[in-house]
Amino acid sequence: MTNGIRSKHTADSGTSTRANRQHRVRWLALAILGLGLFVGVVDSSVVSVATPAMQEDFQAVESEMLLVVTVYSLAFASSVLLLGKAGHRLGLRQMFALGAALFGASSLLIGLAPSIGFTNGMRAVAGVAAAMSAVSGLALVQGIFAGEERALAFGIWGAAASLGAALGPLLGGWAVTYASWRWAFFINVPACLVIVSGSYLWIAEVQH
């Protein structure tokens, strides 16, 4: 009988440990999903401060600089509906990670851009990549959390967008003032490495 009690206690402890780990991993996954949304929103607002330095660097005309600002949002908006279906075919976590990887690569290339035309092309790629992460991220939050936790998770995930909109101009101003406009895009690269790694560490775990 004593052995039975010990076995039950051990089983209960194991169940509790697994539940605690799953709870912790869910919120780590949310942090990664929020970071993905954050960098995407930052990139939409950071150029508002960086464009004068970019124009001077490239000797670009006003119409080319206007495209720097708008092409990202246009690419994002035009991709959202198509990506919703693609995410369920490819896999939401895979699409989220791929979007983050593509976003990081395009940000690196924008920072290294030799011309304004190349910059605008990569801004369009970054817009599509941000849409990939945003669409799949929304579905992942929906799937990972349930009940009261889901409402809180959506609140935190949405707050990441608000934080990105507020900090984008500040980060752009810091880059232009203390380094170069190119660093407004270089800073996305390490963030995207964290996002991709976290996708395979934590999002993958809570999906299974």
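Asp 43 keeps varied company in this predicted model. Beyond its neighbours within four places in sequence, Asp 43 is in contact with Tyr 72, Phe 103, Arg 123, Ala 126, Phe 185 and Asn 188. One of these partners deserves a second look: the side chains of Asp 43 and Arg 123 are joined by a polar contact of 2.9 Å. Asp 43 itself belongs to helix H1, which covers residues 2-58. With a relative accessible area of 0%, Asp 43 falls under the 20% limit and is therefore classed as buried.

Helix H1 also holds Val 25. This residue has a relative accessible area of 1%, so Val 25, too, counts as buried. A reader following the chain from Val 25 would have to travel 178 residues to reach Ile 203, yet the C-alpha atoms of the two are separated by 7.9 Å.

Aromatic side chains offer another way into the structure. Across the whole structure, a search finds 4 aromatic pairs. One of them brings together Trp 183 and Phe 186, whose ring centres are 5.2 Å apart. The planes of these two rings meet at 75°, and because an angle over 60 degrees counts as edge-to-face, the pair is given that label. Both residues sit in helix H6, which spans residues 183-186, and since Trp 183 and Phe 186 are 3 residues apart there, about one helical turn separates them. Their surroundings can be described in terms of accessibility as well. Trp 183 has a relative accessible area of 42%, which makes it partly exposed, whereas Phe 186, at 17%, counts as buried.

A further aromatic grouping is found with Phe 58, Trp 181 and Phe 185, which form one cluster. Phe 185 has already appeared above, as one of the residues in contact with Asp 43. Phe 185 thus provides a handy landmark for a reader moving between the two descriptions, being listed both among the contacts of Asp 43 and in the aromatic cluster.

Turning to the surface, Leu 108, Leu 109, Leu 112 and Phe 118 make a nonpolar patch of about 330 Å². Among its members, Leu 109 lies in helix H3, the helix of residues 92-111. The relative accessible area of Leu 109 is 34%, a value between the 20% and 50% limits, so this residue is described as partly exposed.

Conventions
Residues are numbered from 1 along each chain as its sequence is written. This is a predicted model: local features need pLDDT of at least 70, side-chain atom pairs count only at pLDDT 80 or more; totals for chains, interfaces and linings use all residues. Side-chain values use heavy atoms; hydrogens and water are left out. Helices (H or I, at least four residues) and strands (E, at least two) are DSSP runs, numbered from the N terminus. Buried means under 20% relative accessible area, exposed over 50%, partly exposed in between (1.4 Å probe, protein chains only). A polar contact is a pair of N or O atoms within 3.5 Å; within protein, one must be able to donate a hydrogen and the other to accept it, and residues adjacent in sequence count only if both atoms are side-chain atoms. Contact means heavy atoms within 4.5 Å. Patches are made of residues with over 30% relative accessible area and no salt bridge: like charges are joined within 9 Å, nonpolar side chains (Val, Leu, Ile, Met, Phe, Trp, Tyr) within 5 Å. Accessible areas come from the Shrake-Rupley method with a 1.4 Å probe; for residues, only the protein chains shown count as cover. A salt bridge is a side-chain nitrogen of Lys or Arg within 4 Å of a carboxyl oxygen of Asp or Glu. Rings of Phe, Tyr and Trp (its six-membered ring) pair if their centres lie within 6.5 Å; planes under 30 degrees apart count as stacked, over 60 as edge-to-face and the rest as tilted.
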